[in-house]
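Biologist: Hey, got a minute to walk me through this one? I'd like to start with the sheet and then wander a bit.

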Amino acid sequence: MLRIPCPYCGERDHSEFSYGGPADLVYPDIDSEDADAWSEAVYCRDNPRGPQRELWHHLQGCRLWMVVERDTLTHEIAGAQPAQAALKPILRSGS
Ligand SMILES: [Zn+2]
C-alpha cells in the first residue's frame, strides 16, 4: 500500500491524493504557437524506472500540492515537500 507523507497532515493513504504528473516538466512559453512543442509537453512522458519527482495533491486532506520523491519501481518514497518551495528554482528560471 502506498503511503504518502504529507508535510502538514503526516503519512496518509494514497487514495486521499490525486496524482499530478512529473514535477519537473518544462512547458513551452505560454505565448508559444509551436504545436509540436506543446504536444510533446502535454502528451509525451518519459516513464522512468527508478526515482522520480512527482506532483501530488492532497485532495481529501489539506489540499496542498506537494512534490513527492517516489521510486517508480519499488514505490518507496524518499520524501515530500510543499510544491511552492520545491519548485521555486524552476518557477524562477521560467520568468
Ligand atoms: Zn495534507
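**Strands, core and turns**

Modeller: Sure, and keep in mind that this is a predicted model. A good place to begin is strand E5, residues 65–71, which pairs with E6 in the antiparallel sense over 5 bridges.

Biologist: Which residue in E6 is the bridge partner of Arg 70?

Modeller: That's Ile 77. Further along the pair, Val 67 has Gln 81 in E6 as its bridge partner.

Biologist: And how many bridges join E4 to E5?

Modeller: There are 7, with E4 covering residues 51–57 and the two strands running antiparallel. Across that pairing, Glu 54 stands opposite Val 68 in E5.

Biologist: OK, so what's the strand order in the open sheet?

Modeller: The order is E3-E4-E5-E6, so 4 strands with antiparallel pairing. Strand E3 (18–22) and strand E6 (77–82) stand at the edges. Each of those has a single partner strand, so one side of each is left without a neighbour in the sheet. From one strand to the next, the twist averages 30°.

Biologist: What holds strands together in a sheet, generally?

Modeller: Strands pair through backbone hydrogen bonds, either parallel or antiparallel.

Biologist: Switching topic: which residues make up the largest nonpolar core?

Modeller: It has 9 residues: Ile 4, Cys 6, Phe 17, Trp 56, Met 66, Val 67, Val 68, Ala 80 and Ala 86. Strand E1 (3–6) and E5 each supply at least two of them, and E5 gives the most, with 3 residues.

Biologist: What does Ile 4 touch, leaving aside its neighbours within four places in sequence?

Modeller: Ile 4 is in contact with Arg 12, His 14, Phe 17, Trp 56, Val 68, Ile 77 and Ala 80. Among these contacts, Phe 17, Trp 56, Val 68 and Ala 80 are also listed in that nonpolar core.

Biologist: Now the turns. How many residues sit between E5 and E6 in their hairpin?

Modeller: There are 5. His 75 is in that turn, and it has a positive phi of about 65° although it is not a glycine.

Biologist: Is His 75 buried or exposed?

Modeller: Exposed, because 11 other C-beta atoms lie within 10 Å of His 75 and the cut-off for exposed is 12 or fewer.

Biologist: Where does Asn 47 lie?

Modeller: Asn 47 is in the loop between helix H1 (35–43) and E4. Its phi is positive too, at about 55°, although Asn 47 is not a glycine. Asn 47 is exposed, with 8 other C-beta atoms within 10 Å.

Biologist: And why point out a positive phi?

Modeller: Because most residues other than glycine have a negative phi.

How values were computed:
Residues are numbered from 1 along each chain as its sequence is written. This is a predicted model: local features need pLDDT of at least 70, side-chain atom pairs count only at pLDDT 80 or more; totals for chains, interfaces and linings use all residues. Axes are lines fitted to C-alpha atoms, for helices over the stretch in contact, and angles run from 0 to 180 degrees between N-to-C directions. A nonpolar core is a set of buried Ala, Val, Leu, Ile, Met, Phe, Trp, Tyr and Cys residues joined through C-beta atoms within 7 Å. A residue is buried if 20 or more other C-beta atoms lie within 10 Å of its own, exposed if 12 or fewer, and partly exposed in between; C-beta atoms are placed from the backbone. Two residues are in contact if their C-beta atoms, placed from the backbone, lie within 7 Å.
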